Every structure is written in structure tokens, then in C-alpha cells.
Amino acid sequence: MNIDLHCHSNLSDGALPPADLVDLAIQREVEMLAITDHDSIDCYREIDLLTDSIKIITGIEFSTTWRNNGIHIVGLNMDLQNHDLLEGVRRQSAARTERAHKIGQRLQNLGFDNCFEGAQRHSGGGQIGRPHFAQHLVDIGAVSTVQQAFKRYLGAGKAGDIKEQWADLGEVISWIRGASGVAVLAHPTKYKMTRTKLCTLLEGFASLGGEAMEVISGSQTVSVTQSMAGLCQQFDLLASCGSDFHSLGQPWAALGMVSKLPANCVPVWSRWQ
Ligand code: AMP
Ligand code: MN
Ligand code: MN
Ligand code: MN
């Protein structure tokens, strides 16, 4: 089956409106799709969950911190009416806006004006994220590419990397589980952790009720896939896969172009099929 359980609409830092994202997925013959916007479930107001052309699984990508590392947790197949989940999403949204003001202030201190306003414009009214600040820094000529903006001003350890405001890992997992969903550790290789540290994270994640990890995120080498599948088995987790698609023209993360999970993995969708 063609399955993609991680992608973004323009209600967070993706480029396409939710309905266009679903249309593109259908065009790419995706059979099961979850849209996982950053700290938002608003996309599900704009799409039909019960369409016959594709199976839509509800999703979100929560920002959290673990031992001062920014970690992303995907929630899948949640009841979107659940009170505690809705309250959690509201808190994270407010934290995101507050953080955006702080990032704007930090960039102001470096001599770049009106960054909050610029980022807000790029967000189009959805969740404001660092990519929107990056786009603004490109607009004003402070950097030449989004990549460079992250490298100099927004990436890990830089002025715009503010992560204290997020709910902690256990809380995020409890919101997802409370809404009958599955908590998935997103893109485990993106944290640039040693294997020992990643094992400690996975152990902590599982002990707090985390039940799955992304064995495949975007395009990656076969050896990375095998290594992640090994960890998935070691910690007795279910396996998920997703493109982490944000926009067209990024060949490394094309919607619906996700490799198959290795045979030794138990897929997360075995839970709801
Ligand atoms: P935020 O949600 O505001 O913390 O921003 C994180 C998002 O920024 C990620 O989901 C990616 O979409 C994007 N991102 C992170 N690192 C980079 C990078 N080095 N270059 C471009 N985009 C990045
Ligand atoms: Mn993103
Ligand atoms: Mn992420
Ligand atoms: Mn993502």
C-alpha cells in the first residue's frame, strides 16, 4: 500500500491548502494519508474525513522538549473532539505565537526589523514557524536562502531557536493517548543524536506511553532504514512512515513517495485496520 502519515499543509509551514494536499495525494495514488501540521488540527475542518478516494487518518505534529532537545511527536488516529487534546492544541498554539514574538525580538536585537510581522504574513494566518522567519530574512536580503537563515539565525543553538515553551514529552503523549491516538516519535535521525542518546530517548518515550516511531521519514538510505527498523524492534514499537512533505519542488520529500517498511516491522496501521 502507498501510505504517507506525515505531511504539512499551509495551516502550518507547508505550501498547499489541505484540500489541494489531499488532491495531490489522490493523484499520487496514496491510499492512506495523515496531514500532520505543527501543533494544529485546523486542516481537518477543511477536508472530508470520509472521502471514498483515500483513507484519511487524523494527525498532528507536536513540538516538545526532552532534556533540552527539540523533539517532534506525531499523533495519529485521534478523536479530534477530545477535550484534553483540544486544550493541549490550544496551549501549544498560544505558546507558538508567544515564541514567534520572542524570535522577532531576538532578530530585532540582531538588527533585522519587523520580523514578527514578516513571518506572520508568510504564515498566512496559520501557525507561525521558523520557516516563515527564514522566508522573511530572505525577503529583506539578510540571507540568500532559507537554508542559510537556519544555519545562521534559526537552527539549533542559534538566536531564533527558542524551545522552552513547549509542553513536555509526557504531557504531549498523554494528550494523544487520551484522544485514543498513537504517539509516534517523528524523524528520529533528524535530532543528530548518538545511538546511545537516541536509545535513551526511545526508552523514555516508550515508558511515557509512546507506541511508535517513524522508521522511514522522507527519503533515506537503506542502511538508515535498517538501523531504524532495528531500534523499532528493540523497543517494541510500531513502525510508521511519512514523507514530511512541505512543498512541491523538494525532491527529497515528495508526497506519497515513501519507501516500504522492512518486513521485520509491525506497521502502526495494523492498529486500526
Ligand atoms: P518550528 O516548527 O518553528 O520549530 O520550525 C521547524 C520547521 O522548520 C521544521 O518542521 C522544518 O519544516 C523547518 N526546518 C528545520 N530545519 C530546517 C533547515 N535547516 N532548513 C530548512 N527548513 C528547516
Ligand atoms: Mn515543518
Ligand atoms: Mn518535524
Ligand atoms: Mn513535519
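In sequence, the donor residues of the manganese ion (ligand 3) follow the spacing E-x10-H-x114-H. In this predicted model, the residues behind that pattern are Glu 61, through OE, His 72, through ND1, and His 187, through NE2, and they coordinate the ion at 2.1 to 2.2 Å. Glu 61 belongs to strand 4 and His 72 to strand 5 (residues 69-76), so this pair ties together parts of the chain that are 11 residues apart in sequence. Glu 61 and His 72 are both buried.

The remaining donor of this ion, His 187, deserves a visit of its own. His 187 is found in the loop between strand 6 (182-185) and helix 7 (195-207). Is this residue, at 6% relative accessibility, buried or exposed? His 187 counts as buried, because its 6% falls under the 20% cut-off. The side chain of His 187 makes a polar contact of 3.2 Å with that of Glu 61, and another polar contact, of 3.3 Å, joins it to the side chain of Tyr 191. Once neighbours within four places in sequence are set aside, the residues in contact with His 187 are His 6, Glu 61, His 72, Glu 214, Ser 217 and Asp 244. Two of these names, His 6 and Asp 244, return as donors of the manganese ion (ligand 4).

For the manganese ion (ligand 4), the protein donors are His 6 (NE2), His 8 (NE2), Glu 61 (OE) and Asp 244 (OD), which lie 2.1 to 2.2 Å from the ion. Along the chain these donors are spaced H-x1-H-x52-E-x182-D. His 6 sits in the loop between strand 1 (3-4) and helix 1 (18-27), while Glu 61 sits in strand 4 (residues 59-66); the two are 55 residues apart, and the pair links distant parts of the chain. His 6 is buried, with a relative accessible area of 0%, and Glu 61 is buried too, at 1%. Glu 61 is thus a name to remember: it appears among the donors of ligand 4 and again among those of ligand 3.

A further manganese ion, ligand 2, is coordinated by Asp 13 (OD), His 38 (NE2) and His 246 (NE2), at 2.1 to 2.2 Å. The spacing of these donors along the chain is D-x24-H-x207-H. Here too, distant parts of the chain are linked: Asp 13 is in the loop between strand 1 and helix 1, and His 246 is in the segment after strand 8 (238-242), 233 residues apart. Both Asp 13 and His 246 are buried. How far apart are the ions themselves, starting with ligand 4 and ligand 2? These two manganese ions are separated by 4.5 Å, and the manganese ions of ligand 2 and ligand 3 by 5.5 Å.

Helix 1 gives a good view of how a helix can have a buried side. Its buried residues are Pro 18, Leu 21, Val 22, Leu 24 and Ala 25. They cover an arc of only 160° around the axis, which means that they lie on the same side of helix 1. An α-helix has 3.6 residues a turn, so residues three or four places apart point the same way. Strand 2 (32-34) and strand 3 (55-57) are among the elements that cover these buried residues. Just after helix 1, Glu 29 takes a positive phi of about 60°.

Aromatic side chains offer another kind of link, and the structure holds two aromatic pairs. One of them is formed by Phe 112 and Tyr 153 in an edge-to-face arrangement, with 5.2 Å from centre to centre and 75° between the planes. Phe 112 lies in the loop between helix 2 (83-109) and helix 3 (115-123), and Tyr 153 in helix 5 (residues 146-154); this pair links distant parts of the chain, 41 residues apart. Phe 112 and Tyr 153 are both buried.

Finally, the cysteines. A disulfide is a covalent bond between the sulfur atoms of two cysteines. How many disulfides does a search of the whole structure find? The search finds zero. Why does Cys 7 form no such bond? The closest cysteine sulfur, in Cys 43, is 8.2 Å from that of Cys 7, which is too far for a bond. The sulfur of Cys 43, in turn, has that of Cys 7 as its closest cysteine sulfur. Cys 7 is buried at 0% relative accessibility, and Cys 43 is likewise buried, with a relative accessible area of 0%.

Methods:
Residues are numbered from 1 along each chain as its sequence is written. Chains are lettered from A and ligands numbered from 1 in the order in which they are written. This is a predicted model: local features need pLDDT of at least 70, side-chain atom pairs count only at pLDDT 80 or more; totals for chains, interfaces and linings use all residues. Side-chain values use heavy atoms; hydrogens and water are left out. Donors are N, O and S atoms within 2.8 Å of the metal (3.2 Å for Na, K and Ca); water is not among the atoms, so sites may look incomplete. Helices (H or I, at least four residues) and strands (E, at least two) are DSSP runs, numbered from the N terminus. Buried means under 20% relative accessible area, exposed over 50%, partly exposed in between (1.4 Å probe, protein chains only). Rings of Phe, Tyr and Trp (its six-membered ring) pair if their centres lie within 6.5 Å; planes under 30 degrees apart count as stacked, over 60 as edge-to-face and the rest as tilted. The arc is that of the directions from the helix axis to the C-beta atoms. Contact means heavy atoms within 4.5 Å. A disulfide is a pair of cysteine sulfur atoms within 2.5 Å. A polar contact is a pair of N or O atoms within 3.5 Å; within protein, one must be able to donate a hydrogen and the other to accept it, and residues adjacent in sequence count only if both atoms are side-chain atoms.
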